[in-house]
Every structure is written in structure tokens, then in C-alpha cells.
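Me: I would like to go through the labels given to this structure and ask, for each, what value stands behind the word. Here is the model to look at together.

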Amino acid sequence: DLKKFGSSKSEGLYTKIVTDENRHDYKELLHYLETDEIPLIVCRFDLSNWTLLTTKRVLSMNSENMRMMNLAELVYSNLDMPGERASGSKTLADFTKIILRDVNNKTFTLTIEKGYPFGGFLQVLTSIQCYFPKGR
């Protein structure tokens, strides 16, 4: 649902829709992709702290490790309220943390650029869950 992301001014300094024109800017991230996978949205703070949403997965690198989740297995995405409170964030405009959970109850937290990029990224992740109905 990239139309919602783009139309809501969700791009920021670090967060961009990946296009043919800017794809070369992210070549160091694209080698993680499978051959039939297309990059959609990236939030890259630096080479060791980034999140990439593709047509198949969410990939996220931080200083500790690389994490990935198949979109078909994503059952929950929401803001990480305990994490936000712990870091002192008080309003939606300051939030940067999204928590994801998959069908196997594996969770991890994404850090996204605050403001419109955060809201847009969360909105896209939430809408993606509708495309992959999960058996309960």
C-alpha cells in the first residue's frame, strides 16, 4: 500500500520509497534480497542501522544483528509503547519503535525515523497483514 505511504508525506531524511531512480543508493542493502524480491521502503540511518520493507519480508539490521520476518507470517505490528515510555517519548511525533510478531510468536523491534516516516511505515505494515490472512 505504497500509495498511502507516499501520499501522506511519509518520506523523510532517512526513509524513502525505493525507486528505479534511487535504487543504486541502497545497493549495499539489496544483496540481502532474494531474486524475486522487490525493495519497497527503506529507513537507513547508516550502514549498520536500517530497515528494509520488500514484497516478501521485513529486514532489519542494527549494531547487534540482522533480523528478518516473512510478511506472510506477520500477525502483529504496532508501536512499542513500553519501549517508547522507557526512552522518554511522550507523543506520537516522537515515536520510533515498531514491534513485530510472527505466527511462531517470534518478536522483534524496528527503529524507524520519527514523525511522518514512523506513522507511514506502521500504516503500511498494518495494511500488509490484511493481504496475508492467517489461520487461527
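Me: How many aromatic pairs does the count come to in this model?

Reply: The model is a predicted one, and in it the count comes to three aromatic pairs.

Me: Why is the pair of Y14 and F45 called tilted?

Reply: The ring centres of Y14 and F45 lie 5.1 Å apart, which is within the 6.5 Å required of a pair. Their planes stand at 50°, and because stacked needs an angle under 30 degrees and edge-to-face one over 60, the remaining word, tilted, applies. Y14 belongs to the loop between α1 (2-7) and β1 (15-17), whereas F45 belongs to strand β2 (residues 39-46), so the pair ties together parts that are 31 residues apart in sequence.

Me: What makes Y14 count as partly exposed?

Reply: Its relative accessibility is 34%, and since buried means under 20% and exposed means over 50%, that value falls in between, so Y14 counts as partly exposed. F45, with a relative accessible area of 32%, is partly exposed by that reasoning too.

Me: How do you know what kind of pair F95 and F118 form?

Reply: The centres of the two rings are 6.4 Å apart and the planes are at 80°; the distance is within 6.5 Å and the angle is over 60 degrees, so the pair is edge-to-face. F95 lies in the loop between α3 (81-86) and β7, and F118 in helix α4, so this pair ties together parts that are 23 residues apart in sequence. Both F95 and F118 are buried.

Me: What makes one say that the charged end of R101 sits over the ring of Y76?

Reply: The charged end of R101 is 4.5 Å from the centre of the Y76 ring, within the 6 Å that the term allows.

Me: Which strands form the open sheet, and why do β6 and β8 stand at its edges?

Reply: The order is β6-β7-β8, with antiparallel pairing. Because β6 (74-79) and β8 (107-111) each have a single partner strand, one side of each is left without a neighbour in the sheet. The pairing of β6 with β7 (residues 97-102) runs over five bridges, where at least two suffice for strands to pair.

Me: Which side chains of β7 are buried, and which are not?

Reply: I98, L100 and D102 point to one face and are buried, whereas K97, I99 and R101 point to the other and are not. Such alternation between the two faces of the sheet is what a regular strand shows.

How values were computed. Residues are numbered from 1 along each chain as its sequence is written. This is a predicted model: local features need pLDDT of at least 70, side-chain atom pairs count only at pLDDT 80 or more; totals for chains, interfaces and linings use all residues. Side-chain values use heavy atoms; hydrogens and water are left out. Helices (H or I, at least four residues) and strands (E, at least two) are DSSP runs, numbered from the N terminus. Buried means under 20% relative accessible area, exposed over 50%, partly exposed in between (1.4 Å probe, protein chains only). Rings of Phe, Tyr and Trp (its six-membered ring) pair if their centres lie within 6.5 Å; planes under 30 degrees apart count as stacked, over 60 as edge-to-face and the rest as tilted. A charge sits over a ring if NZ of Lys or CZ of Arg is within 6 Å of the ring centre and within 35 degrees of the ring normal.
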